[in-house]
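I opened this entry to look up how the parts of the structure meet, and I note what I found in the order in which I looked.

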Amino acid sequence: MEISFDKVGFWYQPGTPFAFQALKDVSLTIPSGQFTAVIGHTGSGKSTLIQHLNALLKPTTGRVLIGDRTIDAKTSNKHLKPLRKTVGIVFQFPENQLFEETVLKDIAFGPQNFGVTSQAATEMAQQAAKQVGLADELLTRSPFELSGGQMRRVAIAGVLALRPDVLVLDEPTAGLDPRGRRDVMTLVTKLQREQQMTIVLITHQMDDVARYAQNVVVMAKGAVVKQGTPQTVFSDANWLADHQLALPSAAEFAAQLSQHGFHFDPLPLTEEALVAQLAPQLPLKGGQHNE
Amino acid sequence: MAIISVSNLTYQYAQSEAPAVNDVTFDVEAGDWVAIVGHNGSGKSTLAKLLIGILAADSGTIDIAGTRLTEASVWDVRETIGMVFQNPDNQFVGATVADDVAFGMENRHVSRDVMIRRVKEALLQVGMWEFRDREPARLSGGQKQRVALAGVMAVAPKILILDEATSMLDPEGRSDILNTIKTLKQKLNLTVLSITHDIDEAAQADRILVIDDGRFIEEATPQALFEHGSDLIAMGLDVPFSAKLTELLAQRGVAVPAHYLDEGSLADWLWKSRLTK
């Protein structure tokens with residue numbers, strides 16, 4: 001499902017001395033079935049932006065088109081509930097929101113809230129648990145006995161159980177160990193590739209952006225300052241530095257090597273792309289020539 | 001003499017089937033930086049809790065700066081240790097940055113004059129003095145951890161324990177706090193024990209202890225440990241970028257260095273290698 005923003009402005013506490021404009025004239029499109037990454041410095045408006053994706057916040061000016069729904073300042077708060085099911089948001093440190101006695105009950109809580117029978121909710125929960133790779137024997141355990149990585153997966157399963165068309169994740173790998181990080185990113189890409197789920201990922205990990213995203217939205221001070229493929233966004237190192245954004249490790253290393261006579265075109269963004277261009281410029285093992 | 005000396009330490013949680021820390025023995029010399037790594041659930045955090053007496057060991061001993069850790073000595077022992085935890089939001093009590101830094105000293109009945117001086121010193125040390133009147137909640141993650149660090153430094157500990165202190169920060173916040181700690185360590189000859197799965201933090205250490213299922217399975221310098229390449233994932237660490245690259249180049253039959261090199265050294269090696277082509 002496609003979501004687009006049309007000149008969206010958003011103020012926190014408008015009309016008070018604390019009024020603060022968190023989004024400024026934001027226009028963008030999140031294409032259906034694709035992987036979109038949202039990057040930007042802390043305080044750039046990323047979290048405010050994603051709360052507009054299922055009308056948790058309504059624009060103060062402009063409008064948001066979510067599938068065939070239009071949300072603007074005048075939209076009534078009634079009838080928004082179906083949107084919360086279609087667009088699922090996994091907030092930062094979602095394991096803080098776990099509360100049930102067992103893992104299965106926790107995952108089934110969402111569907112039950114949407115009026116699904118308890119039996120159907122349990123089935124949906126079981127399926128979601130399978131999707132995120134939680135072993136069956138964990139389902140009867142208390143969520144609080146699990147490791148950090150497992151808790152994170154339970155929380156994600158709780159959102160997946162609603163079978164959303166769009167999955168939004170706010171820094172889903174923060175605080176996990178490298179193996180946990182890799183597992184979560186593999187899961188998210190699988191949902192996009194195999195089920196054509198639309199993915200929106202907020203992240204500080206430029207290597208993940210380079211590896212997984214098809215579109216990148218760069219936010220700064222409440223505005224969208226760049227939109228495009230990773231190749232476009234990462235092509236201008238000076239512009240990135242001005243916005244205090246890092247290059248992916250592979251691009252950074254390629255830039256370093258370029259100063260020593262190596263040549264790269266286009267700029268490689270992943271290790272594989274870097275090695276593909278680098279290997280022909282190096283001698284082979286045992287002194288053979290590599291032509 | 002070792003400033004931290006742990007011998008045959010074992011601890012098992014009441015509900016679990018196996019010990020979380022199992023017969024662990026190690027020493028840390030004063031002024032050393034030691035990293036303890038391991039995947040989630042390996043027993044790292046339990047070990048940290050034992051070291052500062054939040055948990056009491058089932059068996060084994062801990063000596064900190066020459067004092068045996070017991071129920072009676074725990075308060076004295078904690079005087080010598082400062083600890084920075086994982087989540088910056090869980091450790092603030094003060095309404096302003098300065099109040100927060102003063103909190104640890106208030107608990108120790110430090111006089112007001114001394115307190116005011118030490119708050120200033122500690123905030124200057126971590127580069128947060130200009131934020132002294134700000135609300136801690138409104139700071140960035142990296143700034144919050146620097147304030148937490150200032151609170152710890154204000155009571156002048158000999159040992160600094162970092163319990164995944166950088167894992168919730170963005171890359172910028174992470175390098176920020178690591179640089180601050182590095183400077184403080186050199187200046188004050190601190191002993192640093194960092195429990196981490198961040199490869200950059202582990203690389204700062206003089207040596208790394210790898211823990212798995214509650215036992216130490218390896219002890220090595222960062223240089224030697226990073227030779228493990230993709231096996232590092234199982235140890236709860238990421239593979240360093242330069243090691244990933246070396247592995248991929250080797251797969252293509254390209255001549256690569258025989259030992260682990262960090263990014264800068266690998267870049268040097270590669271451009272020299274290119275000249276021989």
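I count as a polar contact a pair of N or O atoms within 3.5 Å; within protein, one must be able to donate a hydrogen and the other to accept it, and residues adjacent in sequence count only if both atoms are side-chain atoms. I am reading a predicted model, in which local features need pLDDT of at least 70 and side-chain atom pairs count only at pLDDT 80 or more, while totals for chains, interfaces and linings use all residues. Side-chain values use heavy atoms, with hydrogens and water left out, residues are numbered from 1 along each chain as its sequence is written, and chains are lettered from A and ligands numbered from 1 in the order in which they are written.

Between chain B and chain A, I find 5 residue pairs in polar contact, both at pLDDT 80 or more. The count of salt bridges there (side-chain nitrogen of Lys or Arg within 4 Å of a carboxyl oxygen of Asp or Glu) is 2, and in one of them Arg181(A) meets Asp238(B) at 3.3 Å, N to O.

I next looked within chain B, where the domain assignment, automatic or from a database, gives domain 1 (1-80 + 157-231), domain 2 (92-156) and domain 3 (240-277). The C-alpha centres of domain 1 and domain 2 of chain B lie 24 Å apart, and 2 salt bridges are found across their interface. I also noted that Arg146(B) forms a salt bridge with Asp176(B), with the closest N and O atoms 3.0 Å apart.
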